[in-house]
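Let's walk through this protein together, one question at a time. Have the sequence and the 3D view open while you read.

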Amino acid sequence: MSNSYNATEQQHGGRKSISITTFKGRKCVIKVYPDEERPAREAKIMQAVSRTGYAPEVLETHGNYFISEYIDGQPFADLYRAATMSDDEKALENLASRLCIFLQMFYTLHEGLILGKADFDDFVIVGGRCCCVSFSGVKEGLPFQDIAGIVAYAMCNAVGNYYSAYPFVRKVLDCFHLGALDIINDMDEYFTVYSEEKGLPVDRERIEAVLLSFDDKAFDWEMIKSQSSNE
């Protein structure tokens with residue numbers, strides 16, 4: 001890569017490196033891989049999605065790296081955690097709706113592919129849209145497998161208790177006409193990621209029990225929220 005790239009931030013995730021820098025007067029992101037196949041594949045997918053307005057524009061691809069524009073938006077993960085902390089039902093449903101619009105677009109645009117890596121840090125809210133800034137985990141699969149990962153992430157990252165994720169999870173499941181039983185068996189691999197890679201404690205049995213309760217028509221989130229606030 002040219003020495004004119006002035007890297008201002010460096011992160012290492014797995015076997016790839018990510019640098020935030022300036023390229024041709026624009027703030028951008030450089031992703032460097034140890035091979036040439038994966039960056040070419042991710043750049044191709046990102047560029048296709050960028051034409052819909054839901055991903056960064058790819059500025060250059062070459063060998064084992066590609067450069068994309070830097071999207072400056074509200075971090076989805078931060079918004080989600082804040083909404084669960086305050087039990088803001090409308091905010092959680094709004095975030096879920098925006099994410100579902102992106103997912104439906106992606107599955108339509110790339111039939112037979114899923115994101116494959118459920119991580120809210122890969123999304124930002126820009127101009128009311130939920131944009132994805134990483135497609136490194138894309139693989140073949142069915143939408144419900146992606147939804148399983150998203151629900152697992154939502155449950156594990158809810159601030160307070162697992163019930164705080166209810167408005168978000170219920171909205172996502174309803175959007176794709178799924179119930180807890182439809183995805184529960186596909187959540188295990190994501191629990192492994194959170195417990196091993198992120199060092200987060202995961203009570204699988206508790207999460208599954210809470211998630212299954214979301215399918216109960218008699219479930220009363222307002223009552224549970226009230227009880228939690230009094231503890």
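Two strands pair if DSSP finds at least two bridges between them. Helices (H or I, at least four residues) and strands (E, at least two) are DSSP runs, numbered from the N terminus. This is a predicted model, where local features need pLDDT of at least 70, side-chain atom pairs count only at pLDDT 80 or more, and totals for chains, interfaces and linings use all residues. Residues are numbered from 1 along each chain as its sequence is written, and side-chain values use heavy atoms, with hydrogens and water left out.

Q: What is the average pLDDT of the protein chain?
A: pLDDT is the predictor's confidence in each residue, from 0 to 100. In this chain, 92% of the residues score at least 70. The average pLDDT is 88.

Q: Over which residues does pLDDT stay under 50?
A: Where pLDDT is low, the predicted coordinates should not be read in detail. The stretch in question still has 26 contacts (heavy atoms within 4.5 Å) beyond four places in sequence. Go easy on the details there: the stretch is residues 1-14.

Q: Which strands stand at the edges of the open sheet of three strands?
A: Strands of a sheet pair through backbone hydrogen bonds, either parallel or antiparallel. Here the order is β6-β8-β9, with antiparallel pairing. An edge strand has a single partner strand, so one side of it is left without a neighbour in the sheet. That describes β6 (74-75) and β9 (129-132).

Q: Which residue in β9 is the bridge partner of V124?
A: Strand β8 covers residues 123-126. It pairs with β9 in the antiparallel sense over four bridges. The β9 partner of V124 is C131.

Q: Which residue in the turn between β2 and β3 has a positive phi?
A: β2 (residues 16-23) and β3 (residues 26-32) run antiparallel and are joined by seven bridges. Together they make a hairpin with two residues between them. The residue with a phi of about 55° is not a glycine, and it is K24.

Q: Is K24 buried or exposed?
A: Buried means under 20% relative accessible area, exposed over 50%, and partly exposed in between (1.4 Å probe, protein chains only). K24 sits in the loop between β2 and β3. Because its relative accessibility is 69%, K24 counts as exposed.

Q: How many residues of β2 are buried?
A: β2 is a mostly covered strand of eight residues. Its hairpin partner β3 is mostly covered too, with five of its seven residues buried. For β2, the number is seven.

Q: Which residue in β5 is the bridge partner of V29?
A: β3 also pairs with strand β5 (residues 65-69). Five bridges join the two strands, which run antiparallel. In β5, V29 is partnered by S68.

Q: What is the angle between helix α4 and helix α7?
A: Axes are lines fitted to C-alpha atoms, for helices over the stretch in contact, and angles run from 0 to 180 degrees between N-to-C directions. Helix α4 is residues 143-156 and helix α7 is residues 188-196, with their axes 8 Å apart. They pack at an angle of about 40°.

Q: Why does α4 count as oblique to α7?
A: Angles under 35 degrees count as roughly parallel, over 145 as roughly antiparallel, 65 to 115 as roughly perpendicular and the rest as oblique. The angle between α4 and α7 is about 40°. That makes α4 oblique to α7.

Q: Which residues in α7 does α4 meet?
A: On the α4 side, the residues are Q145, A148, G149, A152, Y153 and C156. On the α7 side, they are Y190, F191 and Y194.

Q: Which residues does V172 touch, not counting those up to four places away in sequence?
A: V172 belongs to helix α5, where seven of the ten residues are buried. At 1% relative accessibility, V172 counts as buried. Its partners are A96, C100 and I147.

Q: What does L79 count as at 26% relative accessibility?
A: L79 is in helix α2 (residues 76-85). L79 touches Q74, L95 and I125, leaving aside residues up to four places away in sequence. At 26%, L79 counts as partly exposed.
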